[in-house]
Amino acid sequence: MELLENFINGEFHAPVSGLYIDNVEPATGAVYSKIPRSGDEDLSMAVLASEKAFPIWSGMSVNERSAILLRLAAGIESRMDEFVKAESKDNGKPEKLAAHVDIPRAISNFHFFATAIEHFASESHYMENVGVNFTTRRPIGVVGCISPWNLPLYLFSWKIAPALAAGNCVIAKPSEITPYTAFLLGQVAKEAGLPPGVLNILHGTGPEIGNAMVAHPKIKAISFTGGTATGKHIAKVAAPMFKKLSLELGGKNPTIIFPDVDIEQTVKEIFRSSFSNQGQICLCGSRIFIHNDIYDTFKSAFVNWVSSAKVSNPTDPKAQIGAVVSKAHMEKVLGYIELAKSEGGNVLTGGKRVFLEAPYDEGYYLAPTIIEGLTNECRTNQEEIFGPVVTLMPFSTEEEVLAMANDTRYGLAASVWTKDLNTAHRMADRLEMGIVWVNSWLVRDLRTPFGGMKDSGVGREGGWEALRFFTEPKNIFIKYE
Ligand code: NDP
């Protein structure tokens, strides 16, 4: 059985404790590798290496850093097939999705920030006859990046790339459930000539190595993506230490469909926004509000489309839905379907586990599920399920749908579907979400601020926001004599 290793100071290391955790393939339910169960001693080695590397890395010219990060992007690209297969095997997502979304985006993340840093500028403020202020933005030092399992390398690199581009040294932890592409990233970093200690990758559990990273006094900033409960815990540990914190957390996103849409076209788009990656994207719309005038027509077209979607093993090029990430997660999602029924929900399609033929008969497959008949206030419509489950709710007026859409503790993303520009503007303005898509979903421009309001997080990633997060501004004033 393959044993993965930590990447510390440019070398691969077994965990000091000698302890490992099973890594399961969701498509088959079988253990296929083991990952280090890292602890304080592994972290101490990584912190020491990062501190030693910081003056070297931050002292390099922007051009030199950019060139190395571009090599890193090219290194992933040259091993595209290996990365795609690894991501799909670890996560259960269709290989097609990993090939079109996850791995290309990880490459783009490094490419984008490698070039963005060459254009990053800071401000100067001139005071007539008094003097001039200028602001420098220097890297923070050693920073921590912690990412979840749903878009493993995509989100891991979304943090690591700006942190490195800005001149920081990074200690990063992928989710223990999806460690493999992070392990490969260490190999690529080494091949790309990233100096030892600049990027360190530690594997292990959140409560152990993740928590130790957050609590470590030498790690000055934490960029975290994951669940709201974990984010709350991290804030509790990090805030009294005055660490910089970026928290990208959960969502319960509304999808709002007005009566003037092209129903056939919109059904296909809403299938994507609901069930991509088995519904395990923080941005997926899980509460679908449909205008009363088209409710029945849209519902039947959507149910038809969704019930014919192909649930299959991730290597099947025709798979539209793969496996969910773990047995525990599958059971959690099935638990929510039972909850929905007990709250009065009517399952229109799906609602159950799907059993494929061997060798996939023990895999974690769920039929894409549509439920109606629930109120917006019930738990099913207020708690994040993070699986292939959506609910349908009718509405009559803009006011009514806005009130329901905003009535959640979350504020991550929304999509609005209408041909009426005025409606689109009014809705976009009044939705309490960090991201609003009109007649689209998950169209990403890496320059834009990314993140949520309310319990969906603190701060924004992307573009200058990320480079500002990973630097400390210092204002210097020079008086004119
Ligand atoms: P978790 O919060 O369980 O875990 C996220 C990461 O944090 C994992 O690496 C986990 O490690 C680690 N972790 C867990 N506990 C701690 C701790 N006490 N201290 C430090 N690190 C810890 O989330 P999931 O992995 O289950 O991901 C799903 C969640 O992520 C959903 O809520 C989803 O909405 C959210 N998400 C948000 C996004 C956004 O941009 N807003 C994007 C994508 C997902 P381990 O897994 O090894 O235990």
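Two strands count as paired when DSSP finds at least two bridges between them. Strands E4 and E5 pass that test: they pair in the antiparallel sense over six bridges. The model is a predicted one.

**The chain as a whole**

The chain holds 15 helices and 25 strands. Its radius of gyration is 23 Å, close to the 23 Å that the globule rule gives for 481 residues, so the chain is as compact as a globular protein of that length. Along its principal axes, the C-alpha trace spans about 70 × 65 × 40 Å.

Of the 481 residues, 58% are buried. The chain exposes about 19,000 Å². Carbon and sulfur atoms supply 55% of that area. Contacts reach far along the sequence: among those between residues at least 6 apart, 75% join residues at least 24 apart. Charges come next. There are 46 positive and 54 negative side chains. The centres of the two sets lie 3 Å apart.

**The sheet with E4 and E5**

Return to the opening pair. Strand E4 covers residues 20-25, and strand E5 covers residues 30-36. Together they form a hairpin, with four residues between them. In the turn, Gly29 has a positive phi of about 80 degrees.

The hairpin belongs to an open sheet of three strands, in the order E1-E5-E4 and with mixed pairing. Strand E1 (2-3) and E4 are the edge strands, and each pairs on one side only.

Which residues of E4 are buried, and which are not? In a regular strand, side chains alternate between the two faces of the sheet. E4 shows this alternation. Ile21, Asn23 and Glu25 point to one face and are buried. Tyr20, Asp22 and Val24 point to the other face and are not buried. Two of these residues can be matched across the hairpin. Asp22 has Lys34 of E5 as its bridge partner, and Asn23 stands opposite Ser33 in E5.

**A covered strand: E9**

Strand E9 (residues 169-173) is mostly covered, with five of its five residues buried. Cys169, Ile171 and Lys173 point one way, while Val170 and Ala172 point the other way. Burial holds on both sides of E9. Strand E8 (residues 142-146) pairs with E9 in the parallel sense over five bridges. Within this pair, Gly144 has Ile171 of E9 as its bridge partner.

The two strand pairs can be set side by side.

| Strands | Sense of pairing | Bridges |
|---|---|---|
| E4 and E5 | antiparallel | six bridges |
| E8 and E9 | parallel | five bridges |

**Two residues around E12**

Ser246 sits in strand E12 (residues 244-248). Is Ser246 buried or exposed? Its relative accessible area is 3%, so Ser246 is buried, as the cut-off for buried is under 20%. Leaving aside residues up to four places away in sequence, Ser246 touches Ile222, Ser223, Phe224, Val458, Glu461 and Phe469.

Phe242 lies in the loop between helix H8 (228-238) and E12. Why does Phe242 count as exposed? Its relative accessibility is 77%, and exposed means over 50%. Phe242 and Glu362 are 120 residues apart along the chain. Their C-alpha atoms are separated by 46 Å.

Notes. Residues are numbered from 1 along each chain as its sequence is written. Side-chain values use heavy atoms; hydrogens and water are left out. The radius of gyration is taken over C-alpha atoms; the globule rule is 2.2 Å times the number of residues to the power 0.38. Buried means under 20% relative accessible area, exposed over 50%, partly exposed in between (1.4 Å probe, protein chains only). Contact means heavy atoms within 4.5 Å. Accessible areas come from the Shrake-Rupley method with a 1.4 Å probe; for residues, only the protein chains shown count as cover. Lys and Arg count as positive and Asp and Glu as negative; His and the chain ends are not counted. The place of a charge is taken as NZ of Lys, CZ of Arg, CG of Asp or CD of Glu.
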